[in-house]
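The exercises below are to be worked through with the sequence and the model side by side. Each task is followed by a solution that goes step by step.

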Amino acid sequence: MKKITYIIASVIVLMSFSCSRFEYRKSLIVADSLTETDPKRSIAMLDSMAPMMADAPKHEQMYHRLLQIKAADKSYIKHSSDSTILSLVEYYETEGDKTLLPEAYYYAGSIYRDIYDAPRALEYYQKAIDGISGGNMRVKGHIYFQSGSLLLNQALYNQAINMYLKAFDNYKIQGDNINCIHTLHHLAYTYNKINKKDSCLHYYQRASKLSKDINNEQMGMMVLAQMASFHIEQGDYSEAKKCLKPSLDTLDSINISPYYTMALKICMNTQQYDSAHFYATELLKIGTIYAKQTASRCLTELALRENSYDNVAKYLKLFNEYTDSVKTITATESVNRMNSLYNYNLREKENLILKAENANKKVALTITICTVFTLSIILITYIYRNRQKQKLQIERFSRLRKELYEQSTEFIRKNKEKIEFLEQELKRTSDENHLLIERLEEQRADLILANETAIRKQTRNESAKARIVATDIFKTIQNYIKKEKAVNAKEWKELDEIINKEIPDFKTNLYSYYNISPHEYHICILIRLEFSPTDMAMLLGCTTSAVSKARKRLQEKFFSDKGTPKDFDQFIKTL
């Protein structure tokens with residue numbers, strides 16, 4: 001398909017230049033066609049041609065510069081200066097190839113968009129539309145879409161909607177379904193901004209339906225994620241969870257932050273605090289600055305619920321740090337937005353500075369109000385924390401059981417069966433079906449990685465156990481069993497050091513689930529070393545009945561009444 005697209009693009013470019021009195025070398029025309037199909041390759045090709053452009057005719061030099069801007073824009077490289085494009089616009093307006101003038105206008109608009117000068121960007125976009133001959137609906141659609149996005153960023157919502165509708169009409173006539181979907185969900189977002197919820201949901205549903213009609217799963221999940229954000233805003237967390245689930249089930253590491261942020265909000269508002277803790281912790285690692293602000297706030301709330309005041313102080317400090325960073329970014333964005341106001345009379349420097357100061361004050365006031373409100377919610381939630389204890393234990397049990405299963409031999413066996421099935425599917429799949437092959441190979445790679453991880457954990461546990469068994473302290477304990485002697489404090493300390501040396505973070509991981517007593521911790525050590533309840537009683541200096549009761553208490557702490565002592569033992573053995 002790439003080759004076919006490349007050939008078609010080359011033919012179109014060649015035909016367009018055959019109608020012009022200006023002639024261009026073939027390498028430039030090829031580089032132009034590559035901007036649509038492989039812009040990075042086009043950039044490399046144009047860079048390699050730079051030395052020969054010094055002696056080239058002026059119209060080829062100017063065309064080369066225009067293509068460099070075009071390829072950079074297609075590669076999503078942000079423009080920082082308008083010096084080159086202004087000289088190109090002047091050239092094409094006065095003496096250059098008039099067929100390239102609309103394109104020069106369009107990229108002038110794109111450059112001013114990148115440097116936050118919306119009035120000029122819109123001016124050049126309109127010139128590009130006026131200069132396009134014939135019915136190039138797709139290009140017009142792009143220009144209207146870009147204009148709509150500029151107006152949306154300036155909070156000129158009605159004007160933005162008008163531009164998006166024009167973009168949609170052009171894309172629809174052209175049969176460009178992908179850009180139709182993008183435009184529909186931008187329309188939905190804009191209607192939401194003016195509080196027209198019914199129109200917002202209508203356009204989201206249209207975008208979702210179109211994604212299904214063209215069988216584009218990726219676009220469908222993108223639209224559903226947008227809908228999830230809308231439902232979260234409306235407080236409809238059940239519907240939001242349904243919309244977000246497909247994205248979370250197939251999510252990779254790219255652009256993971258917004259999906260985890262939405263999942264965190266859903267979990268916090270539906271009292272799924274264990275899951276909320278997971279998403280918040282992950283966001284602190286890989287989230288954007290805004291996501292980290294939200295995550296640290298939620299972790300502060302969760303720490304208060306658990307009476308973990310050290311963590312409260314830690315996460316509250318993080319929250320304040322991220323809030324300060326967001327203040328700085330928000331203030332900068334406010335200044336940039338004002339620099340691009342859709343009103344030519346507001347370009348005077350004095351007015352911009354005044355508006356920037358007002359915007360910063362509003363931002364500071366908004367953040368202060370949000371902080372006070374957030375802290376109030378945290379305190380209220382802290383008062384009622386015990387009501388969700390049982391539900392949290394059930395969720396903890398489900399998550400732990402899932403983790404245990406993913407380290408089991410049964411899990412590895414089933415994955416092998418799936419891998420064999422996928423390999424058979426790959427053999428039966430035609431080489432031309434690149435998308436299906438790529439998806440099958442990705443699924444196969446994920447299963448192989450999951451098995452490798454499970455096997456690695458099993459091997460690590462077996463190796464750790466073998467090293468511990470070979471230690472002097474372990475041999476001492478075995479002799480104590482024969483002599484019916486209990487372990488003293490010094491030997492417990494030595495055993496603690498050995499097990500955490502061979503099984504890094506054993507104690508840390510255990511206490512992260514529940515704050516148990518030293519006696520209960522000693523029982524966990526003995527379970528990890530696979531001693532029988534009778535031997536445990538001997539080493540602890542108590543009765544077998546006391547050990548059984550202690551294990552039952554531990555099982556209830558970790559799993560409520562949903563698990564068994566066997567589940568708890570298996571959990572300890574996999575730490």
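A residue counts as buried under 20% relative accessible area, as exposed over 50%, and as partly exposed in between. The model used throughout is a predicted one.

**Exercise 1.** Determine whether Ile-377 is buried, partly exposed or exposed, and state which surface patch Ile-377 belongs to.

*Solution.* Begin with the location: Ile-377 lies in helix 18, which covers residues 349–383. Next, take the relative accessibility of Ile-377, which is 35%, so the residue counts as partly exposed. Finally, look at the surroundings, where Ile-377 joins Phe-373 and Ile-380 in a nonpolar surface patch whose accessible area comes to about 290 Å² together.

**Exercise 2.** Find which residues form a negative surface patch with Glu-442, and classify the exposure of Glu-442.

*Solution.* First place Glu-442 in helix 21, made of residues 434–469. The relative accessible area of Glu-442 is 45%, and therefore the residue is partly exposed. The negative patch is then completed by Glu-438, Glu-441 and Asp-446.

**Exercise 3.** Describe the setting of Lys-70, giving its helix, its burial and its contacts beyond four places in sequence.

*Solution.* Lys-70 sits in helix 4, residues 58–74. Because its relative accessible area is 7%, Lys-70 is buried. Once neighbours within four places in sequence are set aside, Lys-70 is in contact with Asp-32, Thr-35, Glu-36, Glu-103 and Tyr-107.

**Exercise 4.** The structure holds 18 salt bridges; for the pair Arg-467 and Glu-502, give the N to O distance, the parts of the chain that are linked, and the burial of each partner.

*Solution.* The closest N and O atoms of Arg-467 and Glu-502 are 2.3 Å apart. This salt bridge links distant parts of the chain, since Arg-467 belongs to helix 21 and Glu-502 to helix 23 (residues 489–502), with their positions 35 residues apart in sequence. Arg-467 is partly exposed at 39% relative accessible area, whereas Glu-502 is buried at 17%.

**Exercise 5.** Work out why the salt bridge of Asp-569 with Arg-551 ties together separate parts of the sequence.

*Solution.* The closest N and O atoms of this pair are 2.5 Å apart. Asp-569 lies in helix 28 (residues 565–573) and Arg-551 in helix 27 (residues 544–559), so the bridge ties together parts that are 18 residues apart in sequence. Both partners count as buried, Asp-569 at 14% relative accessibility and Arg-551 at 13%.

Definitions and conventions
Residues numbered from 1 in each chain as written. Predicted model: local features only at pLDDT ≥ 70, side-chain atom pairs only at ≥ 80, totals over all residues. Heavy atoms only, no water. Helix = DSSP H or I, 4+ residues; strand = E, 2+ residues; numbered from the N terminus. Buried < 20%, exposed > 50% of the residue type's maximum accessible area, 1.4 Å probe, protein only. Contact = heavy atoms within 4.5 Å. Patch = residues over 30% accessible without salt bridge, like charges linked within 9 Å, V, L, I, M, F, W, Y side chains within 5 Å. Areas by Shrake-Rupley, 256 points an atom, 1.4 Å probe, with all protein chains shown as cover. Salt bridge = Lys/Arg side-chain N within 4 Å of Asp/Glu carboxyl O. Lys, Arg positive; Asp, Glu negative; His and termini not counted. Charge placed at Lys NZ, Arg CZ, Asp CG, Glu CD.
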